[in-house]
Amino acid sequence: MKKLNIGIVGLGRLGKEYAKNLTYLVPNANLIAACSIRKEELDYVKETYNVPNLYTSYDQMLDQQKDMDAIVIVTSTDQHADAIIKALEAGYHVFCEKPLALNIEDCLRVEKITARHPDRITMLGFVRRFDSSYAEAKIKINEGLVGTPYLLRSQTIDKDTFAPFQIEFCTTGGGIFHDYNVHDIDLAHWYLGSRIEKVWALGGAYRFPEFGLAGDADNTAAMCELQNGTMAVLLASRISSFGHNTCTEIFATEGNLKIGDPPVKNMLQISDKHGIRREGMETFFDRFQHAFLTQIQSFVDHVLENKQPELTMHNATNATLVATALTKSFKEKKPVTIADLIS
């Protein structure tokens, strides 16, 4: 079996999961190198996954690890654009976690460099497209099962215990709209077959005032108008008491589709002295564990088959554009038209 030699940069919570999948669960991949500025993270992947080549410098890994075929980027969002460009110009195929960047200028820079290297496979990590339920919903829409979609309601909600950890990184991640709703934005474009053109975002730091001091929020809601006249309502929260709660509903002219509601862990129902209940999931990775594996397997397959993925850098740019508009609307407390950001 032909295998793809991969290096990974970024070994935080999600980076470690990618390292695990590439080592144990993607049969046509070899994780041969890893990069992090944190020694303890490099020690972890060496001891846990036996990664042979370790670097504290990304530039050194790109320059010295000549037997690599591809780079997997799981760094903070503010580093994505430069990391992608460096990898492409060094001759590597690239997978990068979402979002593409924190601003439109960086997104367009990446698009320009990507266009110069059509022989390189590039892919962004919009993981919900690889979840079986979300993918099935797209098939049903394409088949016309529920008629023509006109409204999407989608939310990304995390367990409250993770909020204090996120305060430190809300600036490098771009804030709640870039970090959370970028998935929901991509789904609106994907399912409704159009682009968001106008947004109005509200919210606040209702439980953790530290987010407000950083110019961010712990809860937001946004109303979006798309170019084809359809609508999207996007919600985000960092303070769920019971666990991660991602769900989406598509309303259409002859029915509707609902994904992930209620957000239960499995089909088990518990009846005891506390009542009748079902357990929820703790984290986003619990909910999308299989989708993350399917996604990185898809990247490896696309590279080995020399086939560009359906989701393009331009799709990723559009998602960042809307997230930027939502952030502007939230901070300025007024509706924002997307065209105003790029005129």
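# A chat about helix H10 and its surroundings

Reader: Where is the kink in H10 centred, and about how many degrees is it?

Author: H10 has a kink of about 45 degrees, centred on His-290, where the bend at a residue is the angle between axes fitted to the seven residues ending there and the seven starting there. This is a predicted model, in which local features need pLDDT of at least 70 and side-chain atom pairs count only at pLDDT 80 or more, while totals for chains, interfaces and linings use all residues. Residues are numbered from 1 along each chain as its sequence is written, and side-chain values use heavy atoms, with hydrogens and water left out.

Reader: What span should H10 have, and how far apart are its end C-alpha atoms?

Author: Helix H10 covers residues 284-304, and at 1.5 Å a residue its 21 residues should span 30 Å, which agrees with the 29 Å between its end C-alpha atoms. The expected span is 1.5 Å times one less than the number of residues, and helices (H or I, at least four residues) and strands (E, at least two) are DSSP runs numbered from the N terminus.

Reader: Which residue caps the N-terminal end of H10, and which one follows the helix with a positive phi?

Author: The N-terminal cap is Thr-283, with a side-chain oxygen 3.2 Å from the backbone nitrogen of Phe-285. H10 is followed by Asn-306, whose phi is positive, near 55 degrees.

Reader: Switching to rings, how many aromatic pairs are there in the whole structure?

Author: A search of the whole structure finds 12 aromatic pairs, counted when the centres of Phe, Tyr or Trp rings (for Trp, the six-membered ring) lie within 6.5 Å, with planes under 30 degrees apart called stacked, over 60 edge-to-face and the rest tilted. In one of them, Tyr-134 and Phe-288, the centres are 6.3 Å apart and the planes are at 45 degrees, so the pair is tilted. Because Tyr-134 lies in helix H6 (residues 132-143) and Phe-288 in helix H10, this pair ties together parts that are 154 residues apart in sequence.

Reader: Are Tyr-134 and Phe-288 buried or exposed?

Author: Tyr-134 is buried, with a relative accessible area of 0%, and Phe-288 also counts as buried, at 3%; buried means under 20% relative accessible area, exposed over 50% and partly exposed in between, using a 1.4 Å probe and protein chains only.

Reader: Which residues do ring pairs link into a cluster?

Author: Ring pairs link Tyr-18, Phe-95, Phe-284, Phe-285, Phe-292 and Phe-299 into a cluster.

Reader: New topic: where is Cys-107, and what does it touch?

Author: Cys-107 is in helix H5 (residues 104-116) and counts as buried, at 0% relative accessibility. Leaving out residues up to four places away in sequence, Cys-107 touches Leu-100, Ala-101, Thr-317 and Thr-320, contact meaning heavy atoms within 4.5 Å. The C-alpha atoms of Cys-107 and Thr-317 are 5.5 Å apart, although the two residues are 210 residues apart in sequence.

Reader: And which residues do the cis peptide bonds at Pro-99 and Pro-262 join?

Author: A cis peptide bond joins Lys-98 and Pro-99, with omega about -15 degrees, and Pro-99 sits in the loop between strand E5 (93-97) and H5. Another cis peptide bond joins Asp-261 and Pro-262, with omega about 5 degrees, and Pro-262 is in the loop between strand E12 (255-259) and strand E13 (270-272).

Methods
A polar contact is a pair of N or O atoms within 3.5 Å; within protein, one must be able to donate a hydrogen and the other to accept it, and residues adjacent in sequence count only if both atoms are side-chain atoms.
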